[in-house]
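Let us take a walk through this protein together, one part at a time. Keep the 3D view open and turn it as you read.

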Amino acid sequence: MKHYGLLGFPLEHSFSAAYFAQKFRTENIVARYDNYERSSIEDFRNWIEDTQLVGFNVTIPHKKAVMPFLDAVSEEAATIGAVNVVKVERHCGQLFLRGYNSDVIGFTNSLLPLLETHHTHALVLGTGGASQAVVYALEKLGIATHVVSRQPKEGQYSYNDVTPTLLKTCCLIVNCTPLGTYPKVDTCPHLPYEALTEQHLLYDLVYNPEETLFLQKGRLQGAKTKNGYDMLVLQAEAAWQFWNEDI
């Protein structure tokens, strides 16, 4: 039996284990997928040595921190600066870890059917590993992208910079923060939601709950909304391909 899993902290909100369990049952795959809730990865390689993992996903807060521990990283993941898929190889007792990014695949393929001609400028909320994949995907699609952060660096916006005037131009808003994730469902990014219109598209990478407060506030203003479940499925299938491809 092959062993896969998810590394992150916390993981109580995650549907990944349930998704892969269903996939394994449906496709008659002899494998298991477990959650590995770890707040620190200082002993990362030793930890993997003690497992039977052949591949695993990486989520908050380790998508960037995991990279120095890897032996090889795909060109796309290196450009993005974040890894959410690791393939574990063992050669003559030696560990070899390959990193990939399937977030960009999942996000791009779930967003494309929703894009309209006026979605030329986007706001990306948050600066973590998922945010970096989203920015990479949007720029590849030719969408001018602005990052919003609580502690903005040069070239980024603060939340106070997100005014109704800015929202007239930026009709696509992507939440890459964990705000609103179960169980803290009563939180959302601080935005002037009253300035949203039916021209806006709000995309939340959070998928638990199905409708976050961020999406609810957008829907009430007439905006189109999309949660992150389809992205989860698409990135999971891309991860499965990375784990099982021949190098």
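The paragraphs below go from a sheet to its helices, then to the core, the aromatic rings and a few single residues.

Before setting out, please keep in mind that this is a predicted model. A good place to begin is the open sheet of five strands, whose order is E8-E7-E9-E10-E11, with parallel pairing. Which strands stand at the edges? They are E8 (144–148) and E11 (224–226); each has a single partner strand, so one side of each is left without a neighbour in the sheet. As you move from one strand to the next, the twist averages 20°. In general, the strands of a sheet pair through backbone hydrogen bonds, in either a parallel or an antiparallel way.

Now look at one of these pairings. Strand E9, residues 172–175, and strand E10, residues 201–204, run parallel and are joined by four bridges. Here you can find Val174 standing opposite Tyr203 in E10. Both of these residues will come up again.

Helices come next. Helix H4 (residues 103–111) lies across E9, E10 and E11, and runs at about 150° to E10. Helix H5 (residues 129–140) lies across E7 (121–125), E8 and E9, and its direction is about 170° from that of E7.

What do these parts share? The largest nonpolar core has 23 residues, and those that touch the most other members are Phe107, Val134, Leu138, Leu172, Val174 and Leu205. At least two residues of this core come from each of H4, E7, H5, E9 and E10. The helix that gives the most is H5, with seven residues. As a rule, nonpolar side chains in soluble globular proteins tend to be buried together. To see the core from one residue's point of view, pick Val134: beyond its neighbours within four places in sequence, Val134 is in contact with Phe107, Val124, Val174, Cys176 and Leu205.

Aromatic rings offer another way to read the model. How many aromatic pairs are there? The count comes to 18. One of them joins Phe107 and Tyr203, which are edge-to-face, with 5.0 Å from centre to centre and 70° between the planes. Phe107 belongs to helix H4 and Tyr203 to strand E10, so this pair ties together parts that are 96 residues apart in sequence. Are these two residues buried or exposed? Phe107 is buried, with a relative accessible area of 0%, and Tyr203 is buried with a value of 0% as well.

A second pair is formed by Trp240 and Trp243: their ring centres are 6.4 Å apart and their planes stand at 85°, so this pair is edge-to-face too. Trp240 and Trp243 are three residues apart in helix H8 (residues 229–244), and are therefore separated by about one helical turn. Trp240 and Trp243 are both buried. They also belong to a cluster linked by ring pairs, together with Tyr4, Tyr19, Phe20, Phe24 and Tyr33.

Let us go back to the sheet for a polar residue, Asn175, in strand E9. Asn175 is buried, with a relative accessible area of 0%. Its side chain makes polar contacts with the side chain of Thr177, at 2.8 Å, and with the side chain of Asp204, at 3.0 Å. Not counting residues up to four places away in sequence, Asn175 touches Leu125, Pro189, Tyr203, Asp204, Leu205, Val206 and Phe214.

In the loop between E9 and E10 you will find His200. With a relative accessible area of 2%, His200 is buried. His200 and Leu172 are 28 residues apart in sequence, but their C-alpha atoms are 5.8 Å apart in space. A polar atom of the His200 side chain lies 2.7 Å from the backbone oxygen of Leu167. Leaving aside neighbours within four places in sequence, the residues in contact with His200 include His119, Cys170, Ala195 and Lys224.

The last stop is Ser14, in the loop between strand E1 (2–8) and helix H1 (16–26). Ser14 counts as buried, at 15% relative accessibility. A polar atom of the Ser14 side chain lies 3.1 Å from the backbone nitrogen of Ser16. Beyond residues up to four places away in sequence, Ser14 touches Leu6 and Tyr207.

Technical notes
Residues numbered from 1 in each chain as written. Predicted model: local features only at pLDDT ≥ 70, side-chain atom pairs only at ≥ 80, totals over all residues. Heavy atoms only, no water. Pairing = 2+ DSSP bridges. Axes fitted to C-alpha atoms, helices over the stretch in contact; angles between N-to-C directions. Contact = heavy atoms within 4.5 Å. Core = buried A, V, L, I, M, F, W, Y, C linked by side-chain atoms within 4.5 Å. Buried < 20%, exposed > 50% of the residue type's maximum accessible area, 1.4 Å probe, protein only. Polar contact = N/O pair within 3.5 Å; in protein donor to acceptor, adjacent residues only side chain to side chain. Phe/Tyr/Trp six-rings, centres within 6.5 Å; stacked < 30°, edge-to-face > 60°.
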